[in-house]
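Biologist: I am new to this structure and would like to go through it slowly, with each term explained as we reach it. Please show it to me before we begin.

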Amino acid sequence: MTDPVTSLQPTVQAWADIVIKEFDNKVRLLHIHEGELVRSFVTHVLWHAGGNLQRVEFAFEYYGKFVDMGVGRGVNLQNRDAMIGAGATSRRPKPWFTDTFYKQLAVLRGILSERLAQNTQLAIVRNIRDAGSSADPIEL
């Protein structure tokens with residue numbers, strides 16, 4: 001039987017790899033400085049000593065956040081919409097990060113919820129089975 005903690009590790013790593021591919025696809029779709037930004041995508045999945053997921057880190061060129069928000073060079077969040085309305089800037093938000101990340105986070109939440117529910121169910125069945133072997137048989 002696979003250890004439930006270690007079985008989550010490949011799942012989370014695979015999810016992180018998919019997120020990087022989704023970032024790559026979105027950047028290419030929006031034509032955002034494709035080369036530099038795409039090459040900068042890195043992910044690290046960090047685990048506590050006990051095998052519990054600590055965090056997932058995504059790293060990329062810092063300017064990618066500015067492109068995502070549509071800010072930079074005199075355009076900030078406070079004046080962006082006014083400048084766009086006045087025709088004073090051609091900057092527009094290109095949400096390659098936020099849209100992709102939060103959608104994929106919802107996917108991970110669903111996967112982990114399902115996996116943890118399955119692991120909990122297995123633990124309950126094992127406990128009932130172990131208790132039943134030392135006492136009267138229990139039908140499931």
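Modeller: We will often need the words for accessibility: a residue is buried when its relative accessible area is under 20%, exposed when it is over 50%, and partly exposed in between, using a 1.4 Å probe and protein chains only. This is a predicted model, in which local features need pLDDT of at least 70 and side-chain atom pairs count only at pLDDT 80 or more, while totals for chains, interfaces and linings use all residues. Residues are numbered from 1 along each chain as its sequence is written, and side-chain values use heavy atoms, with hydrogens and water left out.

Biologist: Which pattern does the protein follow, read along the sequence?

Modeller: Helices (H or I, at least four residues) and strands (E, at least two) are taken as DSSP runs and numbered from the N terminus. The protein has five helices and two strands, and reading along the sequence gives the pattern α-α-β-β-α-α-α.

Biologist: In which helix is confidence highest, and in which is it lowest?

Modeller: The predictor's confidence in each residue is the pLDDT, which runs from 0 to 100. Its mean over the protein is 85, with 89% of the residues reaching 70 or more. Confidence is highest in helix H3 (residues 63-69), at a mean of 92, and lowest, at 83, in helix H2 (residues 34-39).

Biologist: How many bridges join strand S1 to S2?

Modeller: Two strands are said to pair if DSSP finds at least two bridges between them. Strand S1 (residues 42-47) and S2 run antiparallel, and one link between them sets Thr 43 opposite its bridge partner in S2, Phe 58. In the hairpin of these strands, which has five residues between them, Gly 51 takes a positive phi near 95°. The number of bridges joining S1 to S2 is six.

Biologist: Which residue forms an edge-to-face aromatic pair with Phe 23?

Modeller: Rings of Phe, Tyr and Trp (its six-membered ring) pair if their centres lie within 6.5 Å, and planes under 30 degrees apart count as stacked, over 60 as edge-to-face and the rest as tilted. The whole structure holds 14 aromatic pairs, and in one of them the rings stand 5.8 Å apart centre to centre with 70° between the planes, joining Phe 23 and Phe 58. Phe 23 lies in helix H1 and its partner in strand S2 (residues 53-59), so the pair ties together parts that are 35 residues apart in sequence. Phe 23 is buried at 0% relative accessible area, and buried too, at 17%, is the partner asked for, Phe 58.

Biologist: Which element gives the largest share of the largest nonpolar core?

Modeller: A nonpolar core is a set of buried Ala, Val, Leu, Ile, Met, Phe, Trp, Tyr and Cys residues joined through side-chain atoms within 4.5 Å. The largest one has 21 residues, and those touching the most other members are Phe 23, Val 27, Leu 37, Phe 41, Phe 58 and Trp 96. Two or more residues come from each of H1, H2 and H5, and the largest share, eight residues, comes from H1.

Biologist: Where is Thr 100 found, and is it buried or exposed?

Modeller: Contact means heavy atoms within 4.5 Å. Leaving aside neighbours within four places in sequence, Thr 100 is in contact with Glu 22, Phe 23 and Lys 26. Thr 100 is found in helix H5 (residues 98-134), and at 9% relative accessibility it counts as buried.

Biologist: How many salt bridges does the count come to?

Modeller: A salt bridge needs a side-chain nitrogen of Lys or Arg within 4 Å of a carboxyl oxygen of Asp or Glu. Arg 28 and Asp 24 meet at 2.4 Å, N to O, and, being four residues apart in helix H1 (residues 4-30), they are separated by about one helical turn. Glu 57 joins Arg 55 at 2.6 Å, where Glu 57 is partly exposed at 30% and Arg 55 partly exposed at 40%. Arg 80 joins Asp 81 at 3.3 Å, Arg 80 being buried at 14% and Asp 81 exposed at 52%, and the count of salt bridges comes to three.
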